[in-house]
Amino acid sequence: MTSHSYAARDSATMLRRNLRHMVRYPSMTAMLVVLPVFFLLLFVYVFGPTLGAGLPGIRGGYASYLAPAIIVMTIVGASTATAVSVASDMTGGIVARFRVMAISRSCVLTGHVAGAMIQVLLAMAAVTGVAVGTGFRPTAAPAAWLAAAGIAALFALALTWLSVLLGLAARTVETASNFPMPLLILPFLSSGFVPTASLPAGVRWFAEYQPFTPVINSLRGLLLGGPVEAAAWQAIAWSVCISAGCYLGSRALYRRGPRR
Amino acid sequence: MNLQAPVAIEVAGLRKAFGDQVVLNGVDLRVAEATIFALLGPNGAGKTTMVQILSTLIRADAGEIRVAGHDVASEPDAVRAAIGVTGQFSAVDKLLTGAENLMLMADLCHLGREQARERVTQLLELFGLADAAGKLAARYSGGMTRRLDLAMTLVGRPQIIFLDEPTTGLDPRSRRTMWQIIRNLAADGVTIFLTTQYLEEADRLADQIALLDRGTIVAEGTPGELKRLVPGGHVVLRLADASALTAARAAAGTGSADEEALTLTIPGDGSVRSLRLLLGRLDEARVDVAGLMVRTPDLDDVFLTLTGRQVPQHRDRAAAAAASASPPAKVIEK
């Protein structure tokens, strides 16, 4: 009778449901790869020659400098999809049904998060593959690869919980699809495309203190060599804080029940 | 109502407000096991809020509420394990097929593999969805979606089912199918709590009806008891022209004439004696009557009498036609 004893089983059921949605609509997952790949190609082949010339001494050429930013942008794209899918669940009747069943309270949200994580990890792997095709030349040892994947996954978890929160807070699916938009700007105002030192003073200050910069810097350091430690700790701290805050917020919003 | 019968739902002093707006203001009711209970009321009467509270979706501000013997506030999980809910808005996953939707419910009801497969096949068969089992729910018609919705509610074999306006928006045929399904469930011993704004639906289905208006129950009883609450019925005469109408009015000595429809409505109990008397007078006056209809009071009259307002006319034309063609109205064409 106690519903928490079924938490794992119910979450697995919900994960299967979300994976089935993804398999049924592969175009949604494909879009998650298309957007970052577009930016990758644009910056490597269109702006790259100029930008690269202005950045002497970067390791492995501009494609290598850019790749970590593009990988992180993939996470942002996926979070829009998550916010939309959470919002369309919440605005539809199906969640009311789940709420009045004797199932674990949190399984709807954990199912979404688990599904989104699988989706974003696959998308990041695909984008990384394309980046290698455009000249991204990581020099990392397996352990460093693993650490980079861990940091990327942790940051993906943070943005996934953030988008679950946004999806819960949105009154309509349309609002939910707009909510994560500002996130798409953040990689541009970070160390992703050019070093922060080359940015104008105000933008530089912002870039140095926002979460995308340490995440991108740690990926860059781990995959291409270079200083990592400070950036990695900052990236982990940001990710853990965002995850925890948004998890608590999401749980509270979900428990608050249906709105009128 | 038989007070000895086991009680499925018991509500006392239920209150609920959203901000300043009081939605339910001291509702009491009892629903006996294995009966159909209809909560009847216009839009905004508080019907959906009532279902949401009884099904543990939202909490009441005050009141004792026991469903399947459990308190909804302190033992919501025990209540949830005993109930099934089909809300007003379809609660199917449109991105899954009909069979997948049912399987999802079977998994959430923690049925075993074999048991789940069996139950899904059985429900698809029972609800006439076997042919559409592999089709996405997004491609289902309104009636099919509603049937799938109810089938999903039944996967876990709930003892008590809440149906919030189960036939709103359905065509007459789908509505009849839904009624039959609901009757069969009650015959199998399931308690049904349904809300409706269709008087006819409550009349046809329910063992017990409660009339909810502006957050309070204004009347409760069997359909027959409710109809006895309003004064007698009437006879409606249809006349060929205006002069016949005037003559009929004079002959009958009472009644209200409708010049446009060329009808005369005469209050009366509709007994054979009073009819014979009336027809004798009309014959004496040589009034040519084109048609005659005897109406015993229906729930529309009850609603009008008890709330002092017209029944909200949300019923579609088909429902109205079905209502006027059904008993207790008897049409005698000359």
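## Close-up views of chains A and B

**Figure 1. Phe37(B) finds its bridge partner, Gln208(B), in S9(B).** Keep in mind for this and every other view that the model is a predicted one. The two strands here are S3 (residues 36–40) and S9 (residues 208–213) of chain B, which pair in the parallel sense over four bridges.

**Figure 2. Step back from that pair and you get a six-stranded open sheet in chain B.** Reading across, the order is S6-S7-S8-S3-S9-S10, and the pairing is mixed. Which strands stand at the edges? They are S6 (83–86) and S10 (216–221) of chain B; each has a single partner strand, so one side of each is left without a neighbour in the sheet. From one strand to the next, the twist averages 15°. Helix H6 (residues 172–187) of chain B lies across three of these strands, namely S3, S7 (160–164) and S8 (191–196). Against S8(B), helix H6(B) runs at about 150°.

**Figure 3. Chain B also has an open sheet of four strands, with antiparallel pairing.** The order this time is S2-S1-S4-S5. S2 (21–32) and S5 (70–71) of chain B take the edge positions with a single partner strand each, so each has one side without a neighbour in the sheet. Zoom in on that S5(B) edge and you'll find S4 (residues 62–67) of chain B pairing with S5(B) in the antiparallel sense, over two bridges. Look for Arg66(B) here: opposite it in S5(B) stands Asp71(B).

**Figure 4. S13(B) pairs with both S11(B) and S12(B).** S11 (residues 234–239) and S13 (residues 263–267) of chain B run antiparallel and are joined by five bridges. A handy landmark is Arg238(B), which stands opposite Thr263(B) in S13(B). S12 (residues 256–258) of chain B is also antiparallel to S13(B), with three bridges joining the two. Here the residue to find is Ser256(B), whose bridge partner in S13(B) is Thr265(B). How many residues sit between S12(B) and S13(B) in their hairpin? There are four, and Leu262(B) in the turn has a positive phi of about 55°.

**Figure 5. The domain assignment splits chain B into domain 1 (7–228) and domain 2 (234–333).** Taken over C-alpha atoms, the centres of the two domains of chain B are separated by 37 Å.

**Figure 6. Over in chain A, helices H3(A) and H10(A) pack with their axes 9 Å apart.** H3 spans residues 61–91 and H10 residues 212–224, and the angle between them is about 130°. That angle is why H3(A) counts as oblique to H10(A). Their crossing is right-handed. On the H3(A) side, the contact uses Ser64(A), Pro68(A), Ala69(A), Ile71(A) and Val72(A). On the H10(A) side, the residues include Phe212(A), Val215(A), Ile216(A) and Leu219(A). Sorted by class, this contact has ten nonpolar residues, one polar and one charged.

**Figure 7. H10(A) also meets H6(A), with axes that come within 8 Å.** H6 of chain A covers residues 142–169, and it crosses H10(A) at roughly 165°. Is the pair roughly parallel or roughly antiparallel? The angle makes H6(A) roughly antiparallel to H10(A). The crossing of H6(A) and H10(A) is left-handed. From H6(A) come Ala144(A), Ala147(A), Ala148(A), Ile151(A), Ala152(A) and Phe155(A), while H10(A) gives Val215(A), Ser218(A), Leu219(A), Leu222(A) and Leu223(A). The tally for this contact is ten nonpolar, one polar and no charged.

**Figure 8. H3(A) and H6(A) pack against each other too, with axes 8 Å apart.** The angle is about 30°, and H3(A) and H6(A) are therefore roughly parallel to each other. This crossing is right-handed. Among the H3(A) residues in the contact are Ile71(A), Ile75(A), Val76(A) and Met90(A), and H6(A) offers, among others, Ala152(A), Phe155(A), Leu159(A) and Leu166(A). By class, the contact divides into 16 nonpolar, five polar and no charged residues.

**Figure 9. Chain A meets chain B through 22 residues of chain A and 24 of chain B.** On chain A's side, the elements giving two or more residues are helix H1 (7–24) and helix H4 (94–99) of chain A. H1(A) gives the most, with seven residues. The chain A side is made up of nine nonpolar, five polar and eight charged residues.

Notes: Residues are numbered from 1 along each chain as its sequence is written. Chains are lettered from A and ligands numbered from 1 in the order in which they are written. This is a predicted model: local features need pLDDT of at least 70, side-chain atom pairs count only at pLDDT 80 or more; totals for chains, interfaces and linings use all residues. Domain bounds come from an automatic or database domain assignment. Two residues are in contact if their C-beta atoms, placed from the backbone, lie within 7 Å. Ala, Val, Leu, Ile, Met, Phe, Trp, Tyr, Cys and Pro count as nonpolar, Asp, Glu, Lys and Arg as charged, and the others, Gly among them, as polar. Two strands pair if DSSP finds at least two bridges between them. Axes are lines fitted to C-alpha atoms, for helices over the stretch in contact, and angles run from 0 to 180 degrees between N-to-C directions. Angles under 35 degrees count as roughly parallel, over 145 as roughly antiparallel, 65 to 115 as roughly perpendicular and the rest as oblique. A crossing is left-handed if the near helix is turned anticlockwise from the far one by less than a right angle, and right-handed if clockwise.
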